[in-house]
Amino acid sequence: MNGSVEEQIHDYLGVHSTQIRLGLAFISILVVVLGVGGNLIVLVGSAIFKSLQMDPNSVLVLEQIALADLFGTVLLFIPKFATLITQKWIFGELFCKLSIFKVTLLQTEQLFIALLSLYKVVSIEKPLHVHITRPKMRITVMVIWAVIFLLGCLTLTKHQGSFLVWYFSCTANIGQAVGMGSLILQFAAMGITVTANLYILYIATTKGFTAKAARTTTLVCWVFVVSYIPSTVYLIIRNFVKPPKWFVSLRTFVIAVNLVANPIIYSFTNIKFRYFLKMVFSLKWESPLDFSRSWNKLNNGENSHPILTN
């Protein structure tokens, strides 16, 4: 990083830089604890203890969202916290380059949220004719990760002219194409998510489905939409005017809400996941089999549509 990090922070934050810096550092470490810890709990609870009560395809997509949130938190907020505290870049040049992937990881979540929204629309509209099998959904998930990895590599190409340059003849054009492609990707994912969830809301209010039927995934999607509004506005206005510094910082910390929100949402809307959290925080660990048995013993036995549950 060029220049003194301490001077850059002081110039950026102004006369009250110390107080603001410590405040931002506190927020950053809070995001790290909630984002890393919360999403790890989601991944362990879902993959090992089957604690998310939903159909397998929805669970698979939610696991990918948790994974993207976990990596996004690590790449975005751990360096931010350390830099704010030490006023130095302590992670070296390699991590600085890898941190470019934080942008594509956020785009990964956007794509998975859009996929989840579309899947819910199809499931609600034609619950008995959903032909998206588990293998098909896994292939879709792998394609999304592959696309995002490619975008990340091309983003590195934009910032590091020699990287992957043997594959492409015009690095400058690639950089422009990657920037435009990323922008289109974000707006498309946002548009799909908003449209699909407005339609779900319409179905819920006009065709007899209750909001409870898809409350977890719908709430996840709307939190995503709200948290990305500042970022979307920034992408639009930066081409016409220079956004104020406070707004540039605001968009990062509003995105942080989305990184930590999903485990909290699951704890309020998913009974089995809440039961898993109780086991975690009471430090009374059970084997997955014992957990399943104790849950079945407590379960009230009510049944509902497998796709629409939560």
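How far apart are the end C-alpha atoms of helix 5, and what should its 25 residues span at 1.5 Å a residue? In this predicted model, helix 5 runs over residues 101-125, and because each residue should contribute 1.5 Å, a span of 36 Å is expected, which agrees with the 36 Å that separates its end C-alpha atoms. The surroundings of helix 5 can be described as well: 20 of its 25 residues are buried, so the helix is largely enclosed by the rest of the structure.

Thr108 offers a view from within helix 5. Its relative accessible area is 0%, and since buried means under 20%, Thr108 counts as buried. Residues up to four places away in sequence aside, Thr108 touches Ala68, Ile144, Trp145 and Ile148.

Phe81, by contrast, belongs to helix 3, which covers residues 56-86, and it is partly exposed, with a relative accessible area of 26%. When neighbours within four places in sequence are left out, Phe81 is in contact with Ala25, Ser28 and Ile29. Leu30 is 51 residues from Phe81 in sequence, while the C-alpha atoms of these two residues are 9.7 Å apart in space.

Two packed helices are described by the angle between their axes and the distance between the axes. For helix 9 (residues 229-237) and helix 10 (residues 245-269), the axes come within 8 Å and cross at roughly 145 degrees, and the crossing is left-handed. On the helix 9 side, Pro230, Ser231, Val233, Tyr234 and Ile237 take part, meeting Phe247, Val248, Arg251, Val254 and Ile255 of helix 10. The residues of this contact divide into 8 nonpolar, 1 polar and 1 charged.

Key
Residues numbered from 1 in each chain as written. Predicted model: local features only at pLDDT ≥ 70, side-chain atom pairs only at ≥ 80, totals over all residues. Heavy atoms only, no water. Helix = DSSP H or I, 4+ residues; strand = E, 2+ residues; numbered from the N terminus. Expected span 1.5 Å × (residues − 1). Buried < 20%, exposed > 50% of the residue type's maximum accessible area, 1.4 Å probe, protein only. Contact = heavy atoms within 4.5 Å. Axes fitted to C-alpha atoms, helices over the stretch in contact; angles between N-to-C directions. Left-handed = near helix turned anticlockwise from the far one by under 90°. Nonpolar A, V, L, I, M, F, W, Y, C, P; charged D, E, K, R; others polar.
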